[in-house]
Amino acid sequence: MWTILWNNRIQVAAVILFAVGFVTLLLHRNLIKKVIGLNIMDTAAYLFLTSIGYIQGRLSPVITEADTAAEHYVNPLPAGLVLTGIVVSVSVTAVMLALTIRIYRRYHTLNLDEIYRYVHDEMEGEK
Amino acid sequence: MKKFKEWLRNWDEDRFMFAEDKEMLEEEEESGGDSWRPMTISGLERQEFRLFTRAFPVMAGILALVMILFLLSAVLQLPAFGSADTPPAKSGTIRRYVEQGMQETGAVNIVAGVILDYRAFDTLGESHVLFAAAAAVFILLLFARDPQESPESKAILRSDPILRNTAKVLIPIIILFGSYVVFNGHLGPGGGFSGGAIIGSGLILYDMAFGPDRLNKILTLKSYRIIVLCALLFYSGAKCYSFYCGANGLETIFSPGTPGRIFSAGLILPLNIAVGVVVACTMYGFFALFTREQI
């Protein structure tokens with residue numbers, strides 16, 4: 001078991017990175033830090049995908065004229081998937097940060113508990 | 001460990017206050033103290049509440065550990081890192097992409113061939129996700145500006161001579177390199193997204209060093225809209241054409257050309273340029289919106 005884990009240590013690192021991002025997302029009360037946690041989780045997913053695509057001793061998939069055998073190149077598909085993922089995560093991060101700015105403008109704090117309290121008070125006031 | 005316990009004990013401190021403290025608080029409020037007031041809750045909920053706030057970090061840690069164990073057990077089932085017998089690498093799709101991709105798409109870089117020819121519809125959706133995110137940021141920040149905040153309070157980053165002189169040297173190189181990455185996308189590592197991000201970072205550096213005034217002469221909100229809309233429409237139109245012709249076996253005006261030349265690979269080069277323009281403008285637009293809430 002340990003040898004398998006050691007051989008797949010990149011994937012193990014990706015798993016641990018994912019958990020680090022998840023705990024960051026749960027434990028921090030600052031909204032910016034939550035965004036950072038989500039980004040760490042994204043990064044873990046990219047690390048996992050690229051490590052799956054890598055094949056020892058093969059070239060990157062930039063074909064040379066003489067050599068088009070599929071056995072000589074690494075898997076090009078995960079690279080395309082990671083590219084898609086990066087763009088989506090950038091978009092999601094931008095929207096989250098914009099929402100954070102709006103929240104800050106309204107409540108003048110980034111602490112989630114204080115925001116809850118303000119929302120609670122507002123709802124009490126409406127009653 | 002001791003430090004951790006202490007941290008755990010203080011976790012819920014100064015966040016919540018219980019009913020006894022409410023009177024004290026009200027007095028404080030009457031005297032005009034407007035510091036942050038913790039949430040008040042009734043005595044009955046208090047016990048559960050304290051239990052929850054104490055247990056939450058521990059439970060979060062346990063949840064993360066359980067998740068790690070599950071995922072590690074999945075890692076144990078995976079083929080060894082770097083081995084050739086991962087299921088996707090054995091499938092016929094990859095073989096087809098690598099062995100015939102150069103003839104079919106004309107791209108030497110198979111990743112560019114895959115994302116901009118075989119799976120171009122996917123990349124079109126991706127560009128639209130970026131466009132939708134930019135639109136959402138516009139709606140959130142641009143059209144709901146806080147009227148109370150004067151533009152002076154958003155003091156633009158003060159530029160100093162070191163930054164300005166370094167930027168003078170670096171910006172042409174950055175923009176040139178970004179254009180190289182965009183134009184070289186079908187010949188080597190690169191493409192519209194990475195090159196566009198590099199050009200966007202060059203624009204951001206220019207903005208930081210010399211202020212927005214000069215850049216705003218060419219890149220206003222209106223020109224941003226026109227540029228991005230044209231690029232996306234060109235992308236959609238070109239891909240509609242190639243899907244129609246390719247699916248029906250018609251001749252297209254975009255031939256793959258000689259692989260390895262700069263003007264080859266059919267639609268991939270123009271599509272890379274369109275994507276690069278969208279990404280560069282969007283990156284700069286995000287920066288401008290987040291720093292001074294106008295473009």
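In what order do the elements of chain B run from the N terminus on? In this predicted model, the order is α-β-α-β-α-α-α-α-α-α-α-α-α-α. The inventory for chain B comes to twelve helices and two strands.

Turning to how the chain packs, 27% of the 295 residues in chain B are buried. Sequence separation adds a second view of the fold: if one takes the contacts in chain B between residues at least 6 apart in sequence, 70% of them join residues at least 24 apart.

Helix H12 of chain B, which covers residues 268-292, invites a closer look. With 25 residues at 1.5 Å a residue, H12(B) should span 36 Å, and the distance of 36 Å between its end C-alpha atoms agrees with that expectation. Burial is a marked feature of this helix: 20 of the 25 residues of H12(B) are buried, so the helix is largely enclosed by the rest of the structure.

Chain B also meets a partner, with 50 of its residues in contact with 48 residues of chain A. On the side of chain B that touches chain A, at least two residues each are supplied by helices H3 (43-77), H4 (87-90), H5 (92-105), H6 (110-118), H7 (120-142) and H12 of chain B. H3(B) provides the largest share of this side, namely ten residues. As for residue class, the side of chain B that touches chain A consists of 37 nonpolar, six polar and seven charged residues. H12(B) thus appears twice in this account, as a helix largely enclosed by the rest of the structure and as one of the contributors to the side that touches chain A.

Note on methods: Residues are numbered from 1 along each chain as its sequence is written. Chains are lettered from A and ligands numbered from 1 in the order in which they are written. This is a predicted model: local features need pLDDT of at least 70, side-chain atom pairs count only at pLDDT 80 or more; totals for chains, interfaces and linings use all residues. Helices (H or I, at least four residues) and strands (E, at least two) are DSSP runs, numbered from the N terminus. The expected span of a helix is 1.5 Å times one less than its number of residues. A residue is buried if 20 or more other C-beta atoms lie within 10 Å of its own, exposed if 12 or fewer, and partly exposed in between; C-beta atoms are placed from the backbone. Two residues are in contact if their C-beta atoms, placed from the backbone, lie within 7 Å. Ala, Val, Leu, Ile, Met, Phe, Trp, Tyr, Cys and Pro count as nonpolar, Asp, Glu, Lys and Arg as charged, and the others, Gly among them, as polar.
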